[in-house]
Amino acid sequence: ILAQVTVQFAMSTPMSGAPLEMTDRIPDLQPADFRISACIVLHVFLMFIPGLWMGDIIVLLGERLVMGIGLLLQTGCMVVCLTGTHLFQFYIGLSLLGLGWNSAFVASTLVLVKSHTASERTK
């Protein structure tokens, strides 16, 4: 549960302010600029599409390793986003964030499900 809370916090914090920060820090961007939308779309794409094969990756590597990789990717997002405000940093940072969220959240959900016995799962 702690991993899921950490994953959600690490994802929602940068995503809440990223579009506002992009329009504030990058002088030639307007609030409805295509580059902002493309950055958010890339992030959302990497949040959900890898879920199609994340189960296979978890079977191959294990839940805890994939969860750790996801948390490292989210940490990478924080590092990239805190080192500057160039447009490419937003793209890279939010891409790492989306992929890290997917892998950490799916793996931590599986760990949570496996922590219960078969009789407890139906409650």
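In which helix does S108 lie? In this predicted model, S108 belongs to helix α5. The residue is buried, and its relative accessible area is 5%. Apart from residues up to four places away in sequence, S108 touches A3, Q4 and M67. Helix α5 itself covers residues 87–114, whereas helix α1 covers residues 2–25 and helix α4 is formed by residues 63–82.

The overall architecture is as follows. The protein contains 6 helices and 0 strands, and its pattern along the sequence reads α-α-α-α-α-α. Along the principal axes, the C-alpha atoms occupy a box of roughly 55 × 25 × 25 Å. The protein has 123 residues, and 34% of them count as buried. When contacts with a separation of 6 or more are considered, 73% of them come from residues 24 or more positions apart. The exposed area of the protein is about 7,300 Å², and 72% of this area is supplied by carbon and sulfur atoms.

Within helix α1, M22 was examined as a buried position. M22 is placed in this helix, which spans residues 2–25, and its relative accessibility is 0%. This value makes M22 buried because the cut-off for that class is under 20% relative accessible area. With neighbours within four places in sequence left aside, the contacts of M22 are L29, R35, I36, C39, L87 and F90. Q4 is 18 residues away from M22 in sequence, and the C-alpha atoms of the two are 27 Å apart in space. Q4 is also one of the residues touched by S108 of helix α5.

The loop between α2 (34–48) and α3 holds I49. I49 is partly exposed, at 30% relative accessibility. Although I49 and L99 are 50 residues apart along the chain, a distance of 9.1 Å separates their C-alpha atoms.

Charged side chains were considered next. The protein carries 6 positive and 7 negative side chains, and 13 Å lies between the centres of the two sets. Across the whole structure, a search finds 1 salt bridge. In a salt bridge, the side chains of K114 and E63 meet at 2.4 Å, N to O. K114 lies in helix α5 and E63 in helix α4, so the pair ties together parts that are 51 residues apart in sequence. E63 counts as buried, with 18% relative accessibility. The placing of E63 in the buried class follows because its value of 18% falls under the 20% cut-off. Beyond neighbours within four places in sequence, K114 is in contact with E63 and R121. In a further comparison of positions, K114 and G70 are 44 residues apart in sequence, with 19 Å between their C-alpha atoms.

Helix α4 also takes part in a nonpolar surface patch. The patch has an area of about 380 Å² and is made by L60, L61, L65 and I69. At least two of its residues are supplied by each of α3 (51–61) and α4 (63–82). L65 has its place in helix α4. This residue is partly exposed, and its relative accessible area is 44%. L65 falls in the partly exposed class because 44% lies between the cut-offs of 20% and 50%.

Helix α6 spans residues 118–121, and A118 has its place there. A118 counts as exposed, at 58% relative accessibility. The value of 58% is over the 50% cut-off, and A118 is therefore assigned to the exposed class. In sequence, A118 and L97 are 21 residues apart, and in space their C-alpha atoms are 33 Å apart.

Notes. Residues are numbered from 1 along each chain as its sequence is written. This is a predicted model: local features need pLDDT of at least 70, side-chain atom pairs count only at pLDDT 80 or more; totals for chains, interfaces and linings use all residues. Side-chain values use heavy atoms; hydrogens and water are left out. Helices (H or I, at least four residues) and strands (E, at least two) are DSSP runs, numbered from the N terminus. Buried means under 20% relative accessible area, exposed over 50%, partly exposed in between (1.4 Å probe, protein chains only). Contact means heavy atoms within 4.5 Å. Accessible areas come from the Shrake-Rupley method with a 1.4 Å probe; for residues, only the protein chains shown count as cover. Lys and Arg count as positive and Asp and Glu as negative; His and the chain ends are not counted. The place of a charge is taken as NZ of Lys, CZ of Arg, CG of Asp or CD of Glu. Patches are made of residues with over 30% relative accessible area and no salt bridge: like charges are joined within 9 Å, nonpolar side chains (Val, Leu, Ile, Met, Phe, Trp, Tyr) within 5 Å. A salt bridge is a side-chain nitrogen of Lys or Arg within 4 Å of a carboxyl oxygen of Asp or Glu.
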